[in-house]
Amino acid sequence: MTTKTVRDAGSGLTVTAEQLAPRDAVFVYDEFERHPSNIVAAYVFAGSGTSVSRAQVRAWMRERLGYSPLFHRRLERLPGDIDLPYWVPDTGFDIDDHVTIEGQATQPWPAVRERMAEITGARMDLTRPPWELHVFDGVTGFPGTPAPVTIVVLKFHHSVGDGVATRKLELRLFGADTAHPPIPAVDSAWSASGALLRAAAMAPYRCARFVGGLARTRSAAKTVRARIAEGLVHEPDPTRPATRFNRRITPAPTFDLVTLPMSDIRAAKDALTERTTINDLLLTVISGALTDYLAECDETPPASLAAMVPISMRGIARWDSVNQLCQMSVDLHTDREDPLDRLRAIRDSARREKQRYADDAVIAREGRMQTSPAWLLRLAGWARAQRVFDEVDTVPLMNTTISNVPPVADRPEFLGAPMISAFGVLPIMDGDGLRHLITSQGDRLDITFSSDTAMLPDPGHYGELLLRSFRTVSDAIHAAPR
């Protein structure tokens, strides 16, 4: 249950308090030092030839503060987490706490990558509105762009939305509109004592809702088991062999990216005789690179690895959260050598997972979080933080993350400069020390991969393996008989 986020206030809006939905609160309760809950999106714009000043960036951002209440609200947790936390208006908001001009007038891409990795892995201060804007000007050597570029990094806490929500906001921030909504007024009427009284009053209702939710999800789980027995639903393997990327992370994150022409990817996809998605193709590319890297380290796993692939539940499930994702576990079939054989197997595995999450009983079972009380969510987060990955032989469900977000629409710009590309960086965490994010813009597709320097001391080489894997898969597709 939530309070109203904003209300009309004549010429503008008034930001009020809002209680988090359980699915969003999980990103607060699950967070600890080696498990940050951040979303980091980066936008690359053509360089203007003149330095971008802090005053310019500050003015640019201030004009856009009316686009979302997230810019004006901070988190407030109740004593003992007896109820779900709230986003409450921040009466002491200061834009200078959120806008940063990074580095010097000219800076090389490797140095920017290092700083961005630090930004991605650093936990956010939720006593302030959970967003940051970082601007890197005069960046030289960015892949595929000979001239210096400006990179704008937006960082949000995951509890305020997922990647799809981020895409909607960036359309407003970087749109060509010259007229922007006014800065909202802030309603400071929220009080902790009032929230505690409300929590006490709502306790019987929440208890009954939790008990009812348990009954529904148990019934749904029973139905799922029956459908699995009938072959109608296929559950993924519950465990996978642990690799070097499934250990405790260190405070030394790293990331890099490789670029592929979308025209080459579409040509490979169109040459296939069976229906295959671009995502199937890229899963196969990453599978090949991961397999080759582990083989070079003399660490070939004894069985196939799998990837966690987020799937948006919008239009599938009716959830009241701003995060509407589930986590598919897609077999990467790293035990298959032939690239076409691997591609077909990955395509079928991904298709089975999509069908599983379209099943009404599976959706009902996954909805158990919707009625969970705050104390249980917090306890589950604490339990996850106690897990040790140092010496494990197997890990649950997956070995790496591979996420794909839609391209930015329209014609984004920043201070009059057009956008060249957009990419994102996923924060790594214990047990998930190699994560990939796929983005595209125009004829450019970027695969960004983040890791730990102890796990991946040579990210440039891993990038070369990704490019080689794409060529191997593409050549096999075009050489196959029609």
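Leu-397 is found in the loop between β16, residues 394-396, and β17, residues 400-404, and in this predicted model it is a convenient place to enter the structure. Although Leu-397 is not a glycine, its phi is positive, at about 70°. The side of the question that concerns solvent is settled by its relative accessible area of 38%, which makes Leu-397 partly exposed because that class lies between the buried limit of 20% and the exposed limit of 50%. Leu-415 can be read alongside it: this residue, again other than glycine, has a positive phi near 50°, and it is found in the loop between β18 (413-414) and β19 (417-425). With a relative accessible area of 37%, Leu-415 is partly exposed.

From the loop that holds Leu-397, the chain enters β17, and this strand belongs to an open sheet of six strands with mixed pairing, whose order is β13-β21-β20-β17-β14-β15. The edge strands are β13 (253-261) and β15 (325-331), each of which pairs on one side only. Averaged over the sheet and with direction ignored, neighbouring strands are turned by 25° against each other.

The pairings can now be followed across the sheet, beginning at the β15 edge. There, β14, made of residues 306-312, pairs with β15 in the antiparallel sense over seven bridges, and Val-309 stands opposite Met-328 in β15. Further along the order, β17 and β20 pair in the parallel sense over four bridges, with Asn-404 standing opposite Ile-438 in β20. The pairing of β20 with β21 is antiparallel and runs over eight bridges, and here Ser-440 stands opposite Leu-445 in β21. These two strands, β20 and β21, form a hairpin with two residues between them, and Gly-442 in the turn has a positive phi of about 65°.

How many of the eight residues of β20 are buried? Eight of the eight are, so β20 is largely enclosed by the rest of the structure. In a regular strand the side chains alternate between the two faces of the sheet. In β20, Leu-434, His-436, Ile-438 and Ser-440 point one way, whereas Arg-435, Leu-437, Thr-439 and Gln-441 point the other way, and all of them are buried.

One helix completes this picture of the sheet. Helix α11, which spans residues 459-479, lies across β13, β20 (434-441) and β21 (444-452), and it runs at about 25° to β13. Among the strands that α11 lies across are thus both members of the hairpin, β20 and β21, together with the edge strand β13.

Terms used. Residues numbered from 1 in each chain as written. Predicted model: local features only at pLDDT ≥ 70, side-chain atom pairs only at ≥ 80, totals over all residues. Heavy atoms only, no water. Pairing = 2+ DSSP bridges. Axes fitted to C-alpha atoms, helices over the stretch in contact; angles between N-to-C directions. Contact = heavy atoms within 4.5 Å. Buried < 20%, exposed > 50% of the residue type's maximum accessible area, 1.4 Å probe, protein only.
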